Amino acid sequence: MPPVAMAPAQVPPERAAPVAAAPAAARPPRPAVARAPRSAVVLPRGAPVPAPTPPSARVALSTASTYPESTASAFEMAARLGYDGVEIMVWTDPVSQDPEALRRLVDYHGIPILAIHAPCLLLTQRVWGTDPWAKLVRARTVAETLGAPTVVVHPPFRWQRDYAREFVTGIERMAGETDVRFAVENMFPLRARGREVSAYAPDWSPVEDDYAHVTLDLSHTSVSRSDPIALAGVLGERLVHVHMADGLGSAKDEHLVPGRGTQPCAELLELLATGSFDGTIVVEINTRRAESRAQREADLAEALAFTRLHFAAPSAAGLHHTYG
């Protein structure tokens, strides 16, 4: 849900930092992807029920969730509302592109950066240059510098033919050069007059390609009419990052507050908790229509409360559920 333009960044004065300034490609056969088996926990009759272990995943706020306010404002709201960290959407806000400015925000607000979302949206095609591989190298460097464990990346657009042709093997190669995880995000097809057309290559869905790490976005499953519960089961341990949002199943990427749409947000969170998911859950919602800062913060607080409520230690009755 990219913005058209970003508001100027507001960094606290005493901590201010300098600001750094088609035809589809032929698709090779897909490699076979191992499916993670589903399992069950069976307790002997009369055995004591083990105490549930609290899930270890952290809940972060995407800086995209606070648009049209700045990256600095996102840190402020995330810290005040009780988020565990932030995911940086790298876009036209200069602070989002500057690791030194970001470090000052981390230090000032005492809240870590848990992911870097590489600038791979249509409206960020010229952020950090135009070479898509160079963007990923820079995103990795920023993540390593700031201690963020994950870089979120979209599949290439179909018109990026050379990039798309090498994307799967290139991501694998880059992943082998760092401890940072490149988590490829599920996107969605375009629908018109009863037809579906993919704008991405090798595909809008990362499930069938051999990526070690994947991001699951529930607003995108809404648009693609995919089942996020089934996707989580198929992905298994490859699922390391979740964009928590909602949608009503329309062709529009809505990014609603979880619980306001038709996606099984609560069920997925409970499933992940039962499966001891230890990745990162990122609230990525659209608050552009909020009429005030108070309304925007209310939506962000509601999304956080929903996520924490449902991503809780599983009950004994739920021990037979697992993800992966």
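This is a friendly chat about the predicted model shown above.

Reader: Hi! What should I know before I start?
Author: The model is predicted, so local features need pLDDT of at least 70 and side-chain atom pairs count only at pLDDT 80 or more, while totals for chains, interfaces and linings use all residues. Residues are numbered from 1 along each chain as its sequence is written, and side-chain values use heavy atoms, with hydrogens and water left out.

Reader: Cool. How many helices and strands are in the chain?
Author: The chain has nine helices and 10 strands. Both are DSSP runs numbered from the N terminus: helices (H or I) have at least four residues, strands (E) at least two.

Reader: And what share of the residues is buried?
Author: Buried residues make up 53% of the 324 residues. Buried means under 20% relative accessible area, exposed over 50%, and partly exposed in between (1.4 Å probe, protein chains only).

Reader: Switching topic: how many salt bridges are there?
Author: The structure holds 11. Each is a side-chain nitrogen of Lys or Arg within 4 Å of a carboxyl oxygen of Asp or Glu.

Reader: Which residue does Arg296 pair with?
Author: Arg296 forms a salt bridge with Glu69, and their closest N and O atoms are 2.9 Å apart. Arg296 lies in helix H9 (residues 293-310) and Glu69 in the loop between strand S1 (58-62) and helix H1 (71-81), so the pair ties together parts that are 227 residues apart in sequence.

Reader: Are those two buried or exposed?
Author: Both Arg296 and Glu69 are buried. They also belong to a salt-bridge network with Glu76, Arg80, Arg293 and Glu297.

Reader: What else does H9 pair with?
Author: Asp299 in helix H9 links to Arg260, in the loop between strand S9 (239-244) and helix H8 (265-274), 39 residues apart. In this salt bridge, the closest N and O atoms are 3.0 Å apart. Asp299 is buried at 13% relative accessible area, whereas Arg260 is partly exposed at 40%.

Reader: Now the rings! How many aromatic pairs are there?
Author: The count comes to seven. Rings of Phe, Tyr and Trp (its six-membered ring) pair if their centres lie within 6.5 Å; planes under 30 degrees apart count as stacked, over 60 as edge-to-face and the rest as tilted.

Reader: Why is the pair of Trp133 and Tyr163 edge-to-face?
Author: Because their planes are at 85 degrees, with the ring centres 5.0 Å apart. Ring pairs link Trp133, Tyr163, Phe167 and Tyr211 into a cluster.

Reader: Last one: how many disulfides does it hold?
Author: Zero, taking a disulfide as a pair of cysteine sulfur atoms within 2.5 Å.
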